[in-house]
Amino acid sequence: IVNNVTTLAIILAGTALLREREHGTLDHLLVLPLTALEIMLAKVWSNALVVVVCSWLSLELVVRWALGVPLTGSMPLFLAVTALYLFACTAIGIFLATLARSIPQFGLLAIPVIIPMLLLSGGSTPLDSMPLWLQNLMQLSPSTHFVNLSTSILFRDAGPAVVWTDIAALAGIGLTFFLIALARFRRTLTS
């Protein structure tokens with residue numbers, strides 16, 4: 001589920017923005033009294049809502065019910081953390097879309113971003129088995145903190161008091177990517 005959330009958030013946001021630019025829909029939005037921030041927030045939260053609901057249904061129907069995996073943690077806390085993670089990943093997707101001129105070019109840019117996020121986050125390979133420099137570098141990736149938060153909340157029943165450092169790191173990384181993406185998005189709208 002973590003891998004799917006990462007992939008969906010980046011690809012959906014980036015391709016939606018590029019598709020709107022290619023079809024001229026973005027120009028229609030610019031005629032309205034909307035700012036770049038409002039357009040970006042609409043992209044972030046519309047994708048986040050769909051992916052959070054699908055994540056919740058996947059956990060309940062597939063993981064808990066069909067597979068019988070006991071999830072002891074707080075589902076509302078996990079869904080809130082998922083929304084925060086989607087904020088960060090969608091910002092990455094929008095940033096990559098501002099660098100690309102077409103959807104195929106976006107795909108080529110997204111691959112070297114998504115693959116390390118998935119493989120080196122601690123979900124597929126334990127962080128402890130990686131060199132120390134790589135462990136430190138992966139602390140800059142939102143996926144590393146999301147994997148740690150997911151396992152802590154769902155399997156160890158950790159509450160906000162235990163995982164607040166990862167939540168703060170995820171929020172900081174997400175806000176940084178969002179501000180960078182917003183600056184690039186504003187520049188692409190004016191050019």
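The paragraphs below go through the helix packing, the nonpolar core and two individual residues of this structure.

The model is a predicted one, in which local features need pLDDT of at least 70 and side-chain atom pairs count only at pLDDT 80 or more, while totals for chains, interfaces and linings use all residues. Residues are numbered from 1 along each chain as its sequence is written, and side-chain values use heavy atoms, with hydrogens and water left out.

A convenient place to begin is helix 4 (residues 75–99), whose axis comes within 8 Å of that of helix 8 (residues 160–190), the two crossing at roughly 25 degrees. Helices here are DSSP runs (H or I, at least four residues), numbered from the N terminus, and axes are lines fitted to C-alpha atoms over the stretch in contact, with angles running from 0 to 180 degrees between N-to-C directions. The crossing angle makes helix 4 roughly parallel to helix 8, given that angles under 35 degrees count as roughly parallel, over 145 as roughly antiparallel, 65 to 115 as roughly perpendicular and the rest as oblique. The residues of this contact comprise 21 nonpolar, three polar and one charged, where Ala, Val, Leu, Ile, Met, Phe, Trp, Tyr, Cys and Pro count as nonpolar, Asp, Glu, Lys and Arg as charged, and the others, Gly among them, as polar.

Helix 4 also packs against helix 7, their axes coming within 10 Å and crossing at roughly 170 degrees, and the two helices are therefore roughly antiparallel to each other. Contact, meaning heavy atoms within 4.5 Å, involves residues including Phe 78, Tyr 85 and Ile 92 of helix 4 and Phe 146, Leu 149 and Ile 153 of helix 7. By class, twelve of the residues in the contact of helix 4 with helix 7 are nonpolar, three are polar and none is charged.

The largest nonpolar core has 50 residues, of which Ile 10, Phe 78, Phe 106 and Phe 185 touch the most other members. Such a core is a set of buried Ala, Val, Leu, Ile, Met, Phe, Trp, Tyr and Cys residues joined through side-chain atoms within 4.5 Å, and buried means under 20% relative accessible area, exposed over 50% and partly exposed in between, with a 1.4 Å probe and protein chains only. Helix 4 gives the most to this core, with 15 residues. Beyond its neighbours within four places in sequence, Ile 10 is in contact with residues including Cys 89, Ile 92, Leu 96 and Phe 106.

Helix 1 and helix 5 pack at an angle of about 160 degrees with their axes 11 Å apart, which makes helix 1 roughly antiparallel to helix 5. Among the residues making this contact are Ile 10 and Gly 14 of helix 1 and Phe 106 and Ile 114 of helix 5, and the contact divides into eight nonpolar, five polar and two charged residues.

Gly 14, found in helix 1, counts as buried at 0% relative accessibility. Its C-alpha atom is separated by 4.6 Å from that of Gly 93, although the two glycines are 79 residues apart along the chain. Not counting residues up to four places away in sequence, Gly 14 touches Gly 93, Ala 97 and Phe 106.

Asp 157 lies in the loop between helix 7 and helix 8, and at 47% relative accessibility counts as partly exposed. Although it is not a glycine, Asp 157 has a positive phi of about 55 degrees. Most residues other than glycine have a negative phi.
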